[in-house]
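Work through the exercises below with the structure open beside you. Try each task before reading its solution.

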Amino acid sequence: MPLDPFDWTDDEARRRADAGLVRTLRPRPSVPDLLDLASNDYLGLTRHPDITGAAAGAARRWGAGATGSRLVTGTTELHAELERELAAFCGFEAALVFSSGYAANLAALTALSAPGSLIVSDAGNHASIVDGCRLSRAETAVVAHADPGAVAKTLGAHPGRRALVVTDSVFSVDGDAAPLAGLAEACREHGAALVVDDAHGLGVLGEGGRGALHAAGLAGAPGAVATLTLSKSLGSQGGAVLGPARVIEHLVNAARTFIFDTGLAPAAAGAALAGLRLLRAEPELAGRARTVAATLHARLTAAGLTAVRPDAAVVSVRAPSPERAVAWAADCRAEGLAVGCFRPPSVPDGISRLRLTARADLTESQIDWAVDTILRTAPEPAPVSRPASGM
Ligand code: PMP
């Protein structure tokens with residue numbers, strides 16, 4: 001009898017089960033049954049009537065699908081408008097919209113490097129950056145996390161080489177911010193480009209949520225490029241690359257995830273545009289998300305938990321082991337609170353965490369209840385429970 005060619009997947013499944021690392025899909029009900037501290041809907045906009053209305057209107061006007069790649073039939077007025085408004089809001093010359101943030105990162109990294117060029121990548125970068133580096137066929141040097149000195153040293157070891165430094169603006173696992181000023185300085189000194197994935201910065205950092213590059217005075221700088229997702233603060237779906245006009249023009253002609261991918265669905269483009277306009281109209285949303293994060297962090301650490309001080313809207317709380325992290329998240333869920341759970345192999349350092357999203361629209365009583373629930377379900381040794389006052 002010939003072997004079934006996928007028998008090996010059973011061995012993999014057994015290995016995952018033995019290690020307690022099985023991933024499962026859980027459909028989300030249309031009416032939320034849990035308090036959500038697990039999604040990336042940082043500003044709580046994804047159900048805003050302006051956004052859902054814009055999505056529905058765009059689908060009715062242009063159709064449910066984009067119908068083709070951006071260069072053929074997949075570009076509508078909405079895509080062009082979104083690109084103009086995104087660039088203007090974030091302070092860049094031009095923008096290009098993609099079907100996802102993942103595709104935007106692959107585009108920036110593959111089209112702006114080449115075999116023989118150098119990419120210097122932070123050890124904590126998102127998987128889409130890691131994959132972009134791999135696809136680029138450039139030499140990739142992975143450097144210590146958030147260490148501009150290590151970046152400068154690596155660039156200095158390759159004089160005259162075309163080089164690009166890439167980093168998340170806010171790291172998705174721990175919620176800490178990249179040292180953008182130091183990285184930009186190293187790039188200027190060595191003539192390297194700086195590509196910053198601002199997936200977790202847009203809508204949360206910078207004046208009115210204009211993002212981490214704007215906050216660092218790097219928006220529109222000739223050597224700087226930002227990549228974005230439209231799926232977090234903007235409450236929609238899709239991605240974008242922002243940068244100098246000539247760089248965007250190059251991507252239109254060279255980025256394979258732009259040229260060979262069906263364009264972003266009109267509904268998503270319309271929704272992202274509505275999300276952007278809401279953000280522009282309500283600049284206080286960004287600060288509110290940061291304040292909620294700081295409050296969650298202060299309350300949880302005061303009660304004895306270990307958590308990284310948040311630089312944006314992600315609060316990362318340490319768990320003693322992968323098994324206890326999973327059990328902790330499950331206990332929170334049983335009480336009605338959805339939290340993220342990060343554990344190996346998704347975390348490079350092997351440390352398991354609960355990951356909390358500090359949404360701008362959380363009320364004070366929701367924050368109180370969420371903190372209380374996390375503390376009540378925390379693994380031993382139990383943290384000191386504190387009254388809800390003193391926020
Ligand atoms: N970069 C970072 C830092 C992310 O967290 C994500 C999404 N989780 C992406 C890129 C990918 O964006 P998208 O989900 O739009 O593909």
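The exercises cover the sheet, two helices, a pocket and the cavities of this predicted model.

**Exercise 1. Lay out the sheet.**
Find the order of the seven strands in the open sheet, and say which strands stand at the edges.

*Solution.*
- Step 1: Write down the order. The open sheet runs S2-S8-S7-S6-S5-S3-S4, with mixed pairing.
- Step 2: Look at the edges. S2 (94–98) and S4 (139–143) each have a single partner strand, so one side of each is left without a neighbour in the sheet.
- Step 3: Add the twist. Neighbouring strands are turned by 20° against each other on average, direction ignored.
- Step 4: Zoom in on one pair. S5 and S6 pair in the parallel sense over five bridges. Leu164 stands opposite Ala193 in S6.

**Exercise 2. Place helix H9.**
State which strands H9 lies across, then describe how H9 meets H4.

*Solution.*
- Step 1: Set H9 against the sheet. H9 lies across S2, S7 and S8 (239–243), and runs at about 30° to S2.
- Step 2: Take the two helix axes. Those of H4 (residues 101–111) and H9 come within 10 Å and cross at roughly 100°.
- Step 3: Classify the angle. Angles of 65 to 115 degrees count as roughly perpendicular, and H4 and H9 are therefore roughly perpendicular to each other.
- Step 4: Name the contact residues. H4 brings Ala107, Ala108 and Ala111, while H9 brings His250, Leu251 and Ala254.
- Step 5: Sort them. Five are nonpolar, one is polar and none is charged.

**Exercise 3. Describe the second largest pocket.**
Give its volume, its central residues and the elements that line it.

*Solution.*
- Step 1: Start with the volume, about 450 Å³.
- Step 2: Go to the centre. Of the 21 lining residues, the closest to the centre are Ala192, Ala193, Leu194, Pro222 and Gly223.
- Step 3: List the elements. S5 (163–168), H7 (180–190), S6 (193–197), S7 (224–229) and H9 (245–254) each supply at least two lining residues.
- Step 4: Sort the lining. It holds 16 nonpolar, two polar and three charged residues.

**Exercise 4. Search for cavities.**
How many cavities of 30 Å³ or more does a search of the whole structure find? Describe the largest.

*Solution.*
- Step 1: Count. The search finds three.
- Step 2: Take the largest cavity. Its volume is about 60 Å³.
- Step 3: Find its lining. Of 13 residues, the closest to the centre are Asp122, Val143, Val151, Thr167 and Leu183.
- Step 4: Assign elements. S3 (118–122) and S5 give two or more residues to this lining.
- Step 5: Sort by type. Nine are nonpolar, two polar and two charged.

How values were computed
Residues numbered from 1 in each chain as written. Predicted model: local features only at pLDDT ≥ 70, side-chain atom pairs only at ≥ 80, totals over all residues. Heavy atoms only, no water. 1 Å grid on protein atoms, 1.4 Å probe; cavity = no way out; pocket = protein on both sides within 12 Å on 5 of 7 lines; lining within 4 Å. Points joined across faces, edges and corners; volume = space filled by probe spheres on them. Helix = DSSP H or I, 4+ residues; strand = E, 2+ residues; numbered from the N terminus. Nonpolar A, V, L, I, M, F, W, Y, C, P; charged D, E, K, R; others polar. Pairing = 2+ DSSP bridges. Axes fitted to C-alpha atoms, helices over the stretch in contact; angles between N-to-C directions. Contact = heavy atoms within 4.5 Å. Parallel < 35°, antiparallel > 145°, perpendicular 65-115°, else oblique.
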